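Visitor: I should be grateful for a guided reading of this structure. May we proceed by question and answer?

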Amino acid sequence: MSNPFVRIVEPLDPKQPLKKFFNLSKLEDVRYARLPFSIRVLLEAAIRNCDDFLVKKEDVENILNWKVVQHKNVEVPFKPARVILQDFTGVPAVVDFAAMRDAVKKLGGDPEKINPICPADLVIDHSIQVDFNRRSDSLQKNQDLEFERNKERFEFLKWGSQAFKNMRIIPPGSGIIHQVNLEYLARVVMDQDGYYYPDSVVGTDSHTTMIDGLGVLGWGVGGIEAEAVMLGQPISMVLPEVVGYKLVGNPQPLVTSTDIVLTITKHLRQVGVVGKFVEFFGPGVAQLSIADRATIANMCPEYGATAAYFPVDDISIGYLIQTGRDKEKVMCTKRYLEAVGMLRDFKNSSQDPDFTQVVELDLHTVVPCCSGPKRPQDKVAVSDMKNDFETCLGAKQGFKGFQIAPDRHNSIVKFNFEGCDFELAHGSVVIAAITSCTNTSNPSVMLGAGLLAKKAVEAGLTVKPYIKTSLSPGSGVVTYYLRESGVMSYLSQLGFDVVGYGCMTCIGNSGPLPEPVVEAITQGDLVAVGVLSGNRNFEGRVHPNTRANYLASPPLVIAYAIAGTVRIDFEKEPLGINASGKKIFLKDIWPTRNEIQAVERQFVIPGMFKEVYQKIETVNKSWNALDAPSDKLYTWNPKSTYIKSPPFFDGLTLALQTPKTIEDAYVLLSFGDSVTTDHISPAGNIARNSPAARYLTSRGLTPREFNSYGSRRGNDAVMARGTFANIRLVNKFIDKQGPQTIHFPSGETLDVFDAAERYKQAGHPLIVLAGKEYGAGSSRDWAAKGPFLLGVKAVLAESYERIHRSNLVGMGVIPLQYLPGEDAMTLGLTGRERYTIIIPEKLKPQMKVQIKLDTGKTFHAIMRFDTDVELTYFHNGGILNYMIRKMAS
């Protein structure tokens, strides 16, 4: 061991004297002790993954001098210990692997080289929908329908688990990927190959950051990048800035972790943390449980950071024991972290690292709040909700406006539901969902919701029967403690029966609304509302008929369901009037923190976690009964509308093709700010008049069999047609919302896919124009794959969300960025011009390239290939092409 920056120390575990670990903290260089804890994990991973545990001295020097070099594009080779996937992103990843095996074989290589090298866990949680609710058998009926719809996909995944080594499938019905990771999969410290080292993970879901709350460094990447990591390729990342987020004070009694995270989300969006790490410190952190920290870390993508890291402390160690982890291993974990100086004491300011920037939040200033009506960062205090919504009604169409004429603000539509008469108005709640990884992992808010339901029922309050209520826990443990604590029956009485274990409403799997409700909304052109305990509320995501969607804590979801509207001031107006004529206010039934904590201490116990997770891989009988082929190469079924060999590798040769200048490209679409991956590649319903619907109909399917875009990500023919198919898409070429554009050669207005097909048939390349934060939201790789298949060669935007830029790079689509101070408006771009993008022979990271217009105008933009490795991918036509050539040769 010649490397002066690494020392091997033994023994750590007396029972296993050969166990070793890297002792970086004992360096005589004090710089290590000033590093943020997240950077320490990065440093350790960079060293550990080099050949023979050796690393160049200058590479380690770069990281140790991170404050000096972080602005100089220093590349860090980060190879995480694990990869996690969910089925919406996992199916296309396994499809790609299967197609890559075929491609490697065609090029004369060994197809079985295409195989995960590091452990990969795939949790099936995105397929179940809320088709049934408000009935005792909702869970079973939804699960049965899930298998009926997705049997072919599940058989394919089961094939993958057998064909590939190191790939484990967690069956449907087990829980949400991030909660399963938090409660079961996460190690905190890896014990492998004779060494201890910090756990780290990347996942094909943007909310992988949730695990940062437990002290495991992790973040979301695109499926394309994850596939490369699984095949042994490190993530080459620029050494990040680290923003220190200092928490002080104690939360007020009525405040939940949801209120804290929505406050932090708005704050950090204002600070600007895209592409940076955020690391939490300060005495206020010690006031937060691991579930609270996980809630804050979970919404990291909503404030734009790469990671939101809470270093491991004694509360983290206690959580490992509470969730049923082996006590001896937990104690070894603690001793290891102490030995390498990575066990944090948040009350000890002498341990505070150096940060690029420090921002502070006094937890006592946080008030109960929601976020909406269209973005997670648009926080609204609960006390302001009524006025804010009414202001949004009349405001200009936008993130905070619906442009409803003043004389229609008080419109009412009467309708009949199940033999009773009801009324809907603007602001009426039609969906109330306790859902998503963000909140259902947290016993305090889940038990808080249960206790509020108990008090509401005892006070004589009910929820109107037409409101689509649902409870989709993040794991079986949640159901266990809700049942054991006695609150489940009260949740059921208000309509919040368990409908499934998965993401459900949060990802748009909200299922249909009652037809009379849809008719009333349509008749009155009403701004109906969804309230959910989720992390995303982008337009068109939750449900096509809810134009306003608010993120809220689970107790507030129930409160708004009881009220039936968001146009209520809880302080002045009652939730309802019971049978005795008594007015019941929210404050009358809101449980105190002491009440919640007492129930949590009694009922959230290690035995629950052990009982649930010891049978997690075998408990689903439908999964066990699936019959999957055992061949190492997949036999593609040409009749399948779910699984199809993608065209990405057609005609691929071992020889590289020199990148060429993009000549006379048309603009397919022109966007403003905050275009999300939901806009680019929706996950939810397939509209009956869409190109994807026409394709599926031509294959003999009925609308009932369409399923969702998310479930069909293994079929490129559907997904290409679903690209830019969001019904709330705002394209500057069109004067109304919708998935259409202008085909400029003919002047016709067409569906986006149909226009792209015409351009492709004529041999015309395409580009997309966009504003700030292009690609915000989920990590879905189809938001890059889809435009690639439409013929989009480049995107020109003011700024990109991190994961989406990486996905574009992975598909060989050029991410171009305007120079500082410039945008489409300042340059006078209409999007009706034709664009020639000059690609020089010699490329370097973040170089400026020239863009010429057919009008004679010329300007420059930054080519956002940020590292030499990304340029290598570009020269290969994408990351997967690079890996195929590497494996074949």
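The exchange below concerns a predicted model and takes up one strand, its partners and one helix.

Visitor: Is strand 4 enclosed or open to its surroundings?
Guide: Strand 4 covers residues 82-86. A residue counts as buried when its relative accessible area is under 20%. Of the 5 residues in strand 4, 5 are buried, so the strand is largely enclosed by the rest of the structure.

Visitor: Which residues of strand 4 lie on each side?
Guide: In a regular strand, side chains alternate between the two faces of the sheet. Both faces of strand 4 are covered. One side carries R82, I84 and Q86, and the other carries V83 and L85.

Visitor: What is the bridge partner of R82 in strand 9?
Guide: Strand 9 comprises residues 200-203, and it pairs with strand 4 in the parallel sense over 3 bridges. Within strand 9, the partner of R82 is V201.

Visitor: What handedness does the crossover from strand 4 to strand 5 have?
Guide: Strand 4 and strand 5 (residues 120-123) run parallel and are joined by 4 bridges. L85 has its bridge partner in strand 5 at L122. Between these two strands the chain passes through helix 5 (residues 87-106), and this β-α-β crossover is right-handed.

Visitor: How many residues of helix 30 are buried?
Guide: Helix 30 spans residues 802-810 and is mostly covered. Its buried residues include R802, H804, N807 and G810. The count of buried residues is 9 of 9.

Visitor: Which residue just after helix 30 takes a positive phi?
Guide: The phi angle in question is about 80 degrees. The residue that adopts this angle, just after helix 30, is G812.

How values were computed: Residues numbered from 1 in each chain as written. Predicted model: local features only at pLDDT ≥ 70, side-chain atom pairs only at ≥ 80, totals over all residues. Heavy atoms only, no water. Buried < 20%, exposed > 50% of the residue type's maximum accessible area, 1.4 Å probe, protein only. Pairing = 2+ DSSP bridges. Right-handed = clockwise from strand over helix to strand, strands pointing away.
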